Amino acid sequence: MEEVIRYYEETWNDYRSMWSDRHSQALHFGYYDDTARTHVRALLNTNRVLSDLAQVRPGTVVLDAGCGVGGSTCWLAEYRDARCVGISPVVRQVRQARALAVARGVSEKVQFVCTDYTRASFADRTFDVVWALESVCHAAQKESFYREAARLLKPGGRLVIAEYMRISRPAEPAEESLLREWFKGWSMPDLDTRDEHHRHAEDAGFAHVAVRDFTPVVIKSLRRLHGLALTFGMADWILHRIGLRSGEQHRNVIASRVQYEAVQRNLWFYGVLSARMP
């Protein structure tokens, strides 16, 4: 967990200057469709698509597990009139998220807590929805996330996660090496396959588990990040060599390039899992 915290602390300026925007505050990829043809709109569209899938309505109590700086949490409160709790282990992110909630005028609908989504400090059966947007990748054992989500959801509660998922385990040695370079750069211990995610959810007690391949709607976003990494790559390398960029920052740029190369080789896909508690 310390590596994850350090990663987000060190790379925040890169996210802020090269990816996110003032309205979305997104640390995730964008979903492109007929309603979202630009980067900014695609980032916001991610929230719309997942909230529809999770059936978030006015008054729905949502746990945003791995909330980043609160962009999706505040969007759910503002545009779906949900009651939300965002959690992150990164103290700086929690502080930024609280400030964002005030700026958006939703501070009465949202709460941000610094805690671990595998050992959250909430009572059983607290939430209607558990939402995890590109955050489960940081868990060493993904099954621990699913068990905790099951504990926290009310009967009939919904789970929705958007996550990078392996095609197979293991890949060929050269391909596995490419994946590991990506994992290291984004502080991800490993990725699970579609079947592993499905099994974790069922073992935790979830029903109606479905995994959808959303790669076609995010591929433009993946390609955009790859282009940014290529453009900034030489400057990053020089600044890193002279001590003006940290190891975390440098590896983040490499990983931002490698993720697209890996998806082009069909080593992973962008999966969205939905499930429900009986």
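Is T73 buried or exposed? This predicted model is shown in three close-up views.

**View 1. T73 and its surroundings in helix 3.** T73 is buried, with a relative accessible area of 0%. The residue sits in helix 3, which spans residues 71–79. Its side chain makes a polar contact of 2.7 Å with the side chain of D64. D64 is also among the residues in contact with T73 when neighbours within four places in sequence are left aside. The others are C67, C84, V85, G86, V110 and F112.

**View 2. Strand 7 between its pairing partners, strand 5 and strand 6.** Strand 7 covers residues 268–276. Eight of its nine residues are buried, so the strand is largely enclosed by the rest of the structure. Strand 5 (residues 153–166) pairs with strand 7 in the antiparallel sense, over nine bridges. Here E163 has G271 of strand 7 as its bridge partner. Strand 6 (residues 207–213) also pairs with strand 7 in the antiparallel sense, over five bridges. V211 stands opposite L273 of strand 7. In a regular strand, side chains alternate between the two faces of the sheet.

**View 3. A nonpolar surface patch that includes W237.** M234, W237, I238, I242 and L244 make up the patch. Its area is about 550 Å². W237 belongs to helix 8, residues 215–241. This tryptophan, W237, is partly exposed, with a relative accessible area of 41%. T73 in View 1, by contrast, is buried at 0%.

Methods: Residues are numbered from 1 along each chain as its sequence is written. This is a predicted model: local features need pLDDT of at least 70, side-chain atom pairs count only at pLDDT 80 or more; totals for chains, interfaces and linings use all residues. Side-chain values use heavy atoms; hydrogens and water are left out. Buried means under 20% relative accessible area, exposed over 50%, partly exposed in between (1.4 Å probe, protein chains only). Helices (H or I, at least four residues) and strands (E, at least two) are DSSP runs, numbered from the N terminus. Two strands pair if DSSP finds at least two bridges between them. A polar contact is a pair of N or O atoms within 3.5 Å; within protein, one must be able to donate a hydrogen and the other to accept it, and residues adjacent in sequence count only if both atoms are side-chain atoms. Contact means heavy atoms within 4.5 Å. Patches are made of residues with over 30% relative accessible area and no salt bridge: like charges are joined within 9 Å, nonpolar side chains (Val, Leu, Ile, Met, Phe, Trp, Tyr) within 5 Å. Accessible areas come from the Shrake-Rupley method with a 1.4 Å probe; for residues, only the protein chains shown count as cover. A salt bridge is a side-chain nitrogen of Lys or Arg within 4 Å of a carboxyl oxygen of Asp or Glu.
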